[in-house]
Amino acid sequence: METLLVITNCPDEETANAIALALVEAKLAACVNILPRVQSLYRWQGVVESATEIPLFIKTSAERYAALETAIRELHPHAIPEIIALPVSHGLPAYLNWVAAETVQ
């Protein structure tokens, strides 16, 4: 089973905690790391913007990605939240097996 690392950013700790908990409780993620606040600089609708955000590192299976993306879009306050999925090409087999087991439908 393919493992993914999904990254999203949240506007505040409350949103980050709510999304992380919902994903783990629904077995859409085996684990979510809530990182410290970061400063993001980006262009939005032709204007350069700056915002503080809370990154989430979400470990899931490729099989659960579509449902995970849908859940983030429903829970996230931004119209177009950052959702990026990276394939995990290598990792401790026992850990990758745990991710797979925790995200089985």
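A residue is called exposed when its relative accessible area is over 50% and buried when that value is under 20%, with partly exposed residues in between. With these words in hand, the reader can be walked through the structure, which is a predicted model.

Helix α2 is a good place to start. The helix spans residues 65-75, and its buried members are Y65, L68, A71 and I72. Viewed down the axis of α2, these buried residues fall within an arc of 125°, so they line one face of the helix. The face turned away from that buried side carries A66, R73 and E74, which are exposed. On the inner side, the buried residues of α2 pack against several elements: strand β1 (3-10), helix α1 (13-25), strand β4 (47-61) and strand β5 (84-87).

Helix α3 can be read in a similar way. Its buried residues are L96, V99 and A100. Seen along the axis of α3, they fall within an arc of 100°, so they too line one face of their helix. A94 and N97 are the exposed residues on the face of α3 turned away from the buried side. The cover over the buried residues of α3 includes β1 and β4. Both of these strands also pack against the buried residues of α2. An α-helix has 3.6 residues a turn, so residues three or four places apart point the same way.

Helix α3 also holds the aromatic pair of the model. The structure contains 1 such pair. The ring centres of Y95 and W98 are 5.4 Å apart and the ring planes meet at 45°, so the pair counts as tilted. The two residues are 3 apart in helix α3 (residues 93-102), and are therefore separated by about one helical turn. Neither partner belongs to the buried class: Y95 is partly exposed at 33% relative accessibility, and W98 is partly exposed at 34%.

The search for charged pairs gives a short result, with 1 salt bridge in the whole structure. This bridge joins E13 to R37, and the closest N and O atoms are 2.8 Å apart. Because E13 lies in helix α1 and R37 in the loop between β2 (31-34) and β3, the pair ties together parts that are 24 residues apart in sequence. Both partners are partly exposed, with a relative accessibility of 40% for E13 and 39% for R37.

The surface has a nonpolar feature as well. Y42, W44 and I80 form a nonpolar patch there, and together they offer about 320 Å² of accessible area. W44, one of the three, is found in strand β3 (residues 38-44). Its relative accessibility is 38%, so W44 counts as partly exposed.

Next along the chain comes Q45, in the loop between β3 and β4. Q45 is not a glycine, yet its phi is positive, at about 50°. With a relative accessible area of 67%, Q45 is exposed. A positive phi of about 60° is also found at K27, again not a glycine. K27 sits in the loop between α1 and β2 and is partly exposed, having a relative accessible area of 34%. As background, most residues other than glycine have a negative phi.

K27 leads on to the places where distant parts of the chain meet. K27 and V104 are 77 residues apart along the chain, while their C-alpha atoms are separated by 7.1 Å. V104 belongs to the segment after α3, and its relative accessible area of 40% makes it partly exposed. Another pair of this kind is S89 and L4, which are 85 residues apart in sequence and 8.9 Å apart in space, C-alpha to C-alpha. S89 lies in the loop between β5 and α3 and is exposed, with a relative accessible area of 63%.

Key. Residues numbered from 1 in each chain as written. Predicted model: local features only at pLDDT ≥ 70, side-chain atom pairs only at ≥ 80, totals over all residues. Heavy atoms only, no water. Buried < 20%, exposed > 50% of the residue type's maximum accessible area, 1.4 Å probe, protein only. Helix = DSSP H or I, 4+ residues; strand = E, 2+ residues; numbered from the N terminus. Arc of directions from axis to C-beta. Contact = heavy atoms within 4.5 Å. Patch = residues over 30% accessible without salt bridge, like charges linked within 9 Å, V, L, I, M, F, W, Y side chains within 5 Å. Areas by Shrake-Rupley, 256 points an atom, 1.4 Å probe, with all protein chains shown as cover. Salt bridge = Lys/Arg side-chain N within 4 Å of Asp/Glu carboxyl O. Phe/Tyr/Trp six-rings, centres within 6.5 Å; stacked < 30°, edge-to-face > 60°.
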